[in-house]
Amino acid sequence: MKQDADVQVGVGAGRDTRLAQLILTIFGLCARSEGNWLSVASVVSLMGDLGMDGQAVRSSISRLKRRGVLRAERNGGAAGYSLSEATLEVLAEGDVRIFHRKRAAEEDGWVVVAFSVPESERDKRHALRSNLTRLGFGTAAPGVWIAPGTMAREARHTLDLRGLSEYVDMFSGNYIAFGDLHAKIRVWWDLDELTSLYADFLEAYRPVLHPAKSPSITPCEAFQIYVPMLTQWRRLPYRDPGIPLSLLPPAWNGEAAGALFDQLNELLNALAHKHAFNVVHGRGSLAE
């Protein structure tokens, strides 16, 4: 599974992945401003606007409930779902990564995490690796993980919150020797994969920038672009923890991808919310 919020909330792999990710995006986009509740009918309708089959959507929602991502609740006699506390927490953390990204500088130094877990607690070892990967840490050596110094506070908070701090030592400082730091970055992180993911995003969403700027774009059309775009984007800030630009390949395409996301978010966010609000409150496209 991709290393983003989906890891924490348990969205599984397989053919349901795409549906589950889109549903989670819709809940993150809409439910939190609606008292953390959406009716099944409104989710099915919104997913229908994205071309998704209603029965498949209902099945995917049920799977998300079984995984603890969603909770079944009735509201005013209507069947619906809310986000679990764990999911709300992960989405709140994700908001910072997705909408308030920070690119570190070399002067920020590095945070290093070393951990040792007894064999009898292998589940904790897996949890540590999963959380550090989700945070965007690279692997410097077995049991030694590294990230830009700007990640120290978030890493400390996350590991403490997950009950993993007793297994961990954290250090901050500068790289002083030995070897070329540019080359080390390629060892610690899979930059080829990250470059490919950014390229996929640019290829998919550069063509929609022009229609997104059109004054005639409707809220429904904005929603149809925005939700899949946000779904594809939101894993990327977890793969790239803000590695200093000076240590990345020339003309790093992550900068262009980030600028494109920011443009589309500014152009489409409010309109997409308007469409979702209309559907959730039974107004469909008539109010648009």
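Phe99 is partly exposed, at a relative accessible area of 31%, on a scale where buried means under 20%, exposed over 50% and partly exposed in between (1.4 Å probe, protein chains only). The structure is a predicted model, in which local features need pLDDT of at least 70, side-chain atom pairs count only at pLDDT 80 or more, and totals for chains, interfaces and linings use all residues. Residues are numbered from 1 along each chain as its sequence is written, and side-chain values use heavy atoms, with hydrogens and water left out.

Phe99 is a good place to start a tour of the aromatic side chains. Rings of Phe, Tyr and Trp (its six-membered ring) pair if their centres lie within 6.5 Å; planes under 30 degrees apart count as stacked, over 60 as edge-to-face and the rest as tilted. Counted this way, there are 10 aromatic pairs. In one of them, Phe99 and Phe261 have ring centres 6.0 Å apart and planes at 40 degrees, so the pair is tilted. Phe99 belongs to helix H5 and Phe261 to helix H13 (residues 253-280), so this contact ties together parts that are 162 residues apart in sequence; helices here are DSSP runs (H or I, at least four residues), numbered from the N terminus. Phe261 is buried, at 0% relative accessibility.

A further tilted pair is made by Tyr198 and Trp233, with ring centres 6.1 Å apart and planes at 40 degrees. Here helix H9 supplies Tyr198 and helix H11 (residues 219-233) supplies Trp233, so parts 35 residues apart in sequence are tied together. Tyr198 is buried, with a relative accessible area of 4%, and Trp233 is buried too, at 1%. These four residues belong to one aromatic cluster, formed by Phe99, Tyr198, Phe201, Tyr205, Trp233, Trp252 and Phe261.

Charged side chains come next. Side chains of opposite charge can pair when their charged atoms come close. With a salt bridge taken as a side-chain nitrogen of Lys or Arg within 4 Å of a carboxyl oxygen of Asp or Glu, the count comes to 13. Helix H9 (residues 191-205) takes part through Glu193, whose partner Arg239 lies in helix H12 (residues 236-239), 46 residues away. The closest N and O atoms of Arg239 and Glu193 are 3.2 Å apart. The two side chains are also joined by a polar contact of 3.2 Å, a term for a pair of N or O atoms within 3.5 Å; within protein, one must be able to donate a hydrogen and the other to accept it, and residues adjacent in sequence count only if both atoms are side-chain atoms. Arg239 is buried, at 17% relative accessibility, whereas Glu193 is partly exposed, at 38%. Salt bridges with shared partners also join Glu89, Glu93, Arg134 and Arg162 into one network.

Asp192 has a salt bridge of its own, to Arg186, with the closest N and O atoms 3.2 Å apart. Asp192 is exposed, with a relative accessible area of 55%, and Arg186 is partly exposed, at 44%. Glu119 and Arg125 form another salt bridge, at 3.5 Å from N to O, and Arg125 is buried, at 18%.

Two helices can be checked for length, the expected span being 1.5 Å times one less than the number of residues. Helix H6 (residues 122-135) has 14 residues and should span 20 Å, which agrees with the 20 Å between its end C-alpha atoms. Its buried residues are Arg125, Leu128, Ser130, Asn131, Leu132, Arg134 and Leu135. Just after H6 comes Gly136, with a positive phi near 95 degrees. Helix H5 (residues 85-99), with 15 residues, should span 21 Å, and its end C-alpha atoms are indeed 21 Å apart. In H5, the buried residues are Thr87, Leu88, Val90, Leu91, Glu93, Gly94, Arg97 and Ile98.

Finally, the cysteines. A search of the whole structure finds zero disulfides, a disulfide being a pair of cysteine sulfur atoms within 2.5 Å. For Cys30, the nearest cysteine sulfur is that of Cys220, 13 Å away. Seen from Cys220, the closest cysteine sulfur is likewise in Cys30, and 13 Å is too far for a bond. Cys30 is buried, with a relative accessible area of 3%, and Cys220 is buried at 16%.

Technical notes
Helices (H or I, at least four residues) and strands (E, at least two) are DSSP runs, numbered from the N terminus.
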